[in-house]
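Visitor: Hi! Could you walk me through a few features of this one?
Guide: Happy to, just pull it up and ask away.

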Amino acid sequence: MKIFCSRANPTTGSVEWLEEDEHYDYHQEIARSSYADMLHDKDRNVKYYQGIRAAVSRVKDRGQKALVLDIGTGTGLLSMMAVTAGADFCYAIEVFKPMAAAAAEIVEKNGFRDKIMVINKHSTEVTVGPEGDMPCRANILVTELFDTELIGEGALPSYEHAHRHLVEENCEAVPHRATVYAQLVESRRMWSWNKLFPIRVQTSLGEQVIVPPVDLENCPGAPSVCDIQLNQVSPADFTVLSDVLPMFSIDFSKQVSSSAACHSRQFEPLTSGRAQVVLSWWDIEMDPEGKIRCTTAPFWAHSDPEEMQWRDHWMQCVYFLPQEEPVVQGSALCLVAHHDDYCVWYSLQRTSPEKNERVHQMRPVCDCQAHLLWNRPRFGEINDQDRTDRYIQALSTVLKPDSVCLCVSDGSLLSVLAHHLGVEQVFTVESSAASHKLLRKIFKANHLEDKINLIEKRPELLTSEDLKDRKVSLLLGEPFFTTSLLPWHNLYFWYVRTAVDRHLGPGAVVMPQAASLHAVVVEFRDLWRIRSPCGDCEGFDVHVMDDMIKRALDFRESKEAEPHPLWEYPCRSLSEPRQILAFDFRQLVPPRLLCAEGTMELRRPGRSHAAVLWMEYHLTPECTLSTGLLEPADPEGGCCWNPHCKQAVYFFSPVPDPRAPLGGPQTVSYAVEFHPDTGDITMEFRLADTPDSPLLSNKVA
């Protein structure tokens, strides 16, 4: 059965209706899931297995039957571990229908159908009793409901309900306990992901400074956690202000509460500085004695950094304090962790919360608009003074005193740069009410509300009246649009340039004047795991899951390149970077297809995991900004990626087996097409030894 789905095209700006399979959303969820990453997490799997064996043994030693409740069973792996460890029966709960079906098939294939019942429900809908899903309460509770923040996937409400309705009092629980840790740091780099810094503009008349509005400086920020691969942040990018502090623990073997709470820890700063950021992680203990422990700690807080398990389904947390605060070495403070049922946040207090009635229990909410419009990388990009200076340098070469400038990008400050550089008249277009409101605040804080014309309208709908009957001599874009997910989605600027062509005067300058799509073949240190088949996991056959992911990846949008911030995922380039396509913004979007075919020679030995793609914007012939590689690879192939942008990763299929010897194909063939009618870029990259068939036989958007 087919269904029609509407989709906002991020490149053309139009809304399209597409025919999709009725299970389209399921396939998207599976293709983008972390199931493969979890199955490859050896440390997690071994520790769970050890904890389950110990829990089953404790129940058996009491002369009881071991009845297991597995909430969020996924592939059924933990349930199969429980039965193998001697459990008498296991109820495996899985709310996601395709996963529940896969779990049932995996359970049967491994010979556990008589001992494991897969129940396709949310755990809060499971019933107990003669006519219920379970005849009686379980005495062992096994779960893996955790995300990077520990409680962000609803672990607390699920545990709370399970203890009240589904398991016996004082049941065995695996994991038995979780502890959340925090460390206070000063970090200009990370703080730049949360606040707007003053931006300096060097002009012929001296330095001008763009200052942030007061309400943006005072805003507590976005409530969502910033989860990153903290091990990839250089220690030089932050100053540690506190020891690692255990903030709070949760005993999963007893009744759990999802009510809001706060936990404080007194500490003495290790050095004086400005408290800005809280780094946080957690560990889980699989047994009551705490001997079986799995941790998400970064390398400097890990007991054995050389044996750290890489994982992407659990990372580390970055929290921003509502305001930066000065701290003095040795002067005692209290760090307070607040949480509700799904979210954690932090505050810094001079005294403990019990003595301070001003401690805020409410989750922080952005009231300045900036944190709703700009994500963390976008804050960092706007605060990048070197990037700003390059725009200033490029603008200085094309601006004239009588220039009429039209700026087209979402929430961009290019219009302010143009004004300070002496443009006679500046117009800037914001299509959303949020970005319009935010820019109005910024203009007011800098006394520019009467100097820059702010238009709230989609740029394609601009009229001569909006531009006060002036012809535009400079069309300016970063380009950046909030709807863009993949690097080439910002080609929307080209479509806007085409739509406003009638408003451009003779000899008008377009900046950037052109863009180009680039690619390089890479070997990932770890990221390949998220697309690698597992086959066998701790002695259990999970080929069904591998096949399910493969089928999901055969769907059109599931097969496309994926956005990843590669500064977090180390890789080596095996080929030289290659320009694939060029786009001339000085011309209108062409009616014809843009095509490129060729081969990329692999110059370094390694396993070819993927092709990485990015855009480069040529502001002028002398000035180019890259959203991907910032400099040539080092002799070993090490890559330096733009930290403010996500690059597109096109994984080769199948992902090379890490146990296979090095060698193999020496070239990668590619075919890439830009479809101007839809704005789609279709592509196929193929290793030389894959079966010979026409490239782009299965087009990838």
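Visitor: What do the side chains of D526 and R525 do?
Guide: They meet in a salt bridge, at 3.2 Å from N to O. The term stands for a side-chain nitrogen of Lys or Arg within 4 Å of a carboxyl oxygen of Asp or Glu.

Visitor: And is D526 buried or exposed?
Guide: D526 is buried, at a relative accessible area of 11%. Buried is under 20% relative accessible area, exposed is over 50%, and partly exposed is in between, using a 1.4 Å probe and protein chains only.

Visitor: Before I go on, what should I know about the model?
Guide: This is a predicted model, where local features need pLDDT of at least 70 and side-chain atom pairs count only at pLDDT 80 or more, while totals for chains, interfaces and linings use all residues. Residues are numbered from 1 along each chain as its sequence is written, and side-chain values use heavy atoms, leaving out hydrogens and water.

Visitor: OK, how many salt bridges does the structure hold?
Guide: There are 35. One of them joins R572 to E523, with the closest N and O atoms 2.5 Å apart. R572 sits in strand β29 (residues 571-573) and E523 in strand β25 (residues 514-524), so this pair ties together parts 49 residues apart in sequence. Strands (E, at least two residues) and helices (H or I, at least four) are DSSP runs, numbered from the N terminus.

Visitor: How accessible is E523?
Guide: E523 is buried, at 13%, whereas R572 is partly exposed, at 25%.

Visitor: Which residues are linked in a network of salt bridges?
Guide: That would be D41, D43, K47 and R311.

Visitor: Switching topic: how many disulfides turn up?
Guide: Zero, after a search of the whole structure; the criterion is a pair of cysteine sulfur atoms within 2.5 Å.

Visitor: Why is there no bond for C171?
Guide: Because the closest cysteine sulfur, in C136, is 13 Å from the sulfur of C171, which is too far. C171 is also buried, with a relative accessible area of 4%.

Visitor: Now the sheet: what order do the strands of the five-stranded one take?
Guide: The order is β22-β21-β20-β23-β24, in an open sheet with parallel pairing. Its edge strands, β22 (452-456) and β24 (504-511), each pair on one side only. Pairing requires at least two bridges found by DSSP between two strands.

Visitor: And how many bridges are there between β23 and β24?
Guide: Four, in the parallel sense, with β23 covering residues 472-476. V472 has L504 in β24 as its bridge partner.
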